[in-house]
Amino acid sequence: MTTETETDPETDLFEEHRPALMGVAYRMLGRVADAEDVVQEAWLRWSGADRAAVREPRAYLVRVTTRLAMDRLRQIKARGESYVGPWLPEPLATDVAGTAQDAEQRAVLADSVSLAVLVVLESLSPLERAVFVLREAFGYPYAEIGALLDRGEAAVRQLAGRARRHVEERRPRYEVDPVQRRDLTERFLAAAAGGDLAGLMALLAPDVRLVGDSGGKSRAPLRVLEGAGKVGRFLVGAAEKGVADVSFRLLELNGGPAVLVLSGGRPDSVFQVDVADGHIHAVYIIRNPDKLRLLAAA
């Protein structure tokens with residue numbers, strides 16, 4: 001006797017849109033756990049909605065997810081939580097090549113989820129961030145964004161323009177050539193792991209910045225390091241101290257190549273670099289264990 005698994009069309013419909021909803025929520029919050037909570041709450045809203053009255057399920061789900069993310073962001077800002085040391089987004093495993101259809105789309109997608117851009121988005125208001133994400137990352141028309149957020153099209157255009165200027169003024173200009181970035185990432189890993197100061201200095205731009213995020217829960221610089229000398233010496237010192245039973249894994253995080261450092265098979269830290277003109281201009285190190293939990297199975 002065979003049994004057939006019955007599927008719920010409404011659940012299937014939600015799951016079809018889940019990746020897009022997670023994309024919106026993560027870009028709004030920069031935190032995977034918070035984004036997952038928001039998407040789960042969107043599911044609860046969807047399961048309890050009068051779906052016969054929902055003419056466009058995707059628009060409804062994006063609207064609910066965006067508003068929930070805005071509320072969560074306001075709560076985070078209102079709590080005024082202090083963070084020990086520099087803050088970086090929780091790294092997110094991505095597959096840009098498998099998601100976007102052409103090189104231009106891949107570049108836009110990678111940029112919209114990059115660590116550098118997400119850090120800048122933290123300084124936007126929740127409403128500005130929602131408009132920016134929906135417009136720049138997902139290409140929604142102004143009129144549709146207005147309908148999603150209960151704002152007039154003219155107001156949305158103003159918000160989008162202000163948010164775009166803010167981001168453009170503050171985000172660094174890095175190249176997104178995936179081949180060059182991967183090559184420099186691999187060379188950086190070899191030099192850093194080997195404590196090769198000369199090799200590192202050949203890769204680092206004179207004005208390179210190193211941003212370490214530990215949340216006060218592990219060892220990492222509590223201030224941004226600037227300059228090739230300081231960054232190179234810090235990396236060599238870190239290599240000399242070493243990590244027990246260390247291994248490395250190259251993977252794609254936030255739209256670009258990154259190095260996952262493991263200690264005894266458990267995530268210890270993540271390194272990612274941004275490049276321009278053939279040199280590394282930014283090094284990001286994430287060591288907050290709360291932000292590495294999902295990478296154990298990556």
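**Surface, compactness and sheet of a predicted chain**

Me: What makes up the surface that the chain exposes in this predicted model?
Reply: The chain exposes about 15,100 Å², and carbon and sulfur atoms supply 50% of that area.

Me: What share of the 298 residues counts as buried, and by which cut-off?
Reply: Residues count as buried when their relative accessible area is under 20%, and 46% of the 298 residues of the chain fall into that class.

Me: How many helices and strands does the chain have, and why is it called as compact as a globular protein of that length?
Reply: The chain has twelve helices and six strands. Its radius of gyration is 21 Å, and the globule rule, 2.2 Å times the number of residues to the power 0.38, gives 19 Å for 298 residues; the two values are close, so the chain is as compact as a globular protein of that length.

Me: What makes β2 and β3 the edge strands of the sheet?
Reply: The six strands of this open, mixed sheet run in the order β2-β1-β6-β5-β4-β3, and β2 (225-226) and β3 (246-253) are its edge strands because each pairs on one side only, where pairing requires at least two bridges between two strands.

Me: How do you know that β1 and β6 pair?
Reply: Pairing needs at least two bridges, and β1 (residues 204-213) and β6 (residues 279-286) share six, in the parallel sense, so the two strands count as paired. Within this pair, Arg209 stands opposite Ala282 in β6.

Me: Which strands does helix α12 touch?
Reply: Helix α12 (residues 228-241) packs on the sheet with contacts to β1, β2, β5 and β6, and its direction makes about 50 degrees with that of β1.

Terms used: Residues are numbered from 1 along each chain as its sequence is written. This is a predicted model: local features need pLDDT of at least 70, side-chain atom pairs count only at pLDDT 80 or more; totals for chains, interfaces and linings use all residues. Side-chain values use heavy atoms; hydrogens and water are left out. Helices (H or I, at least four residues) and strands (E, at least two) are DSSP runs, numbered from the N terminus. Contact means heavy atoms within 4.5 Å. Axes are lines fitted to C-alpha atoms, for helices over the stretch in contact, and angles run from 0 to 180 degrees between N-to-C directions. Buried means under 20% relative accessible area, exposed over 50%, partly exposed in between (1.4 Å probe, protein chains only). Accessible areas come from the Shrake-Rupley method with a 1.4 Å probe; for residues, only the protein chains shown count as cover.
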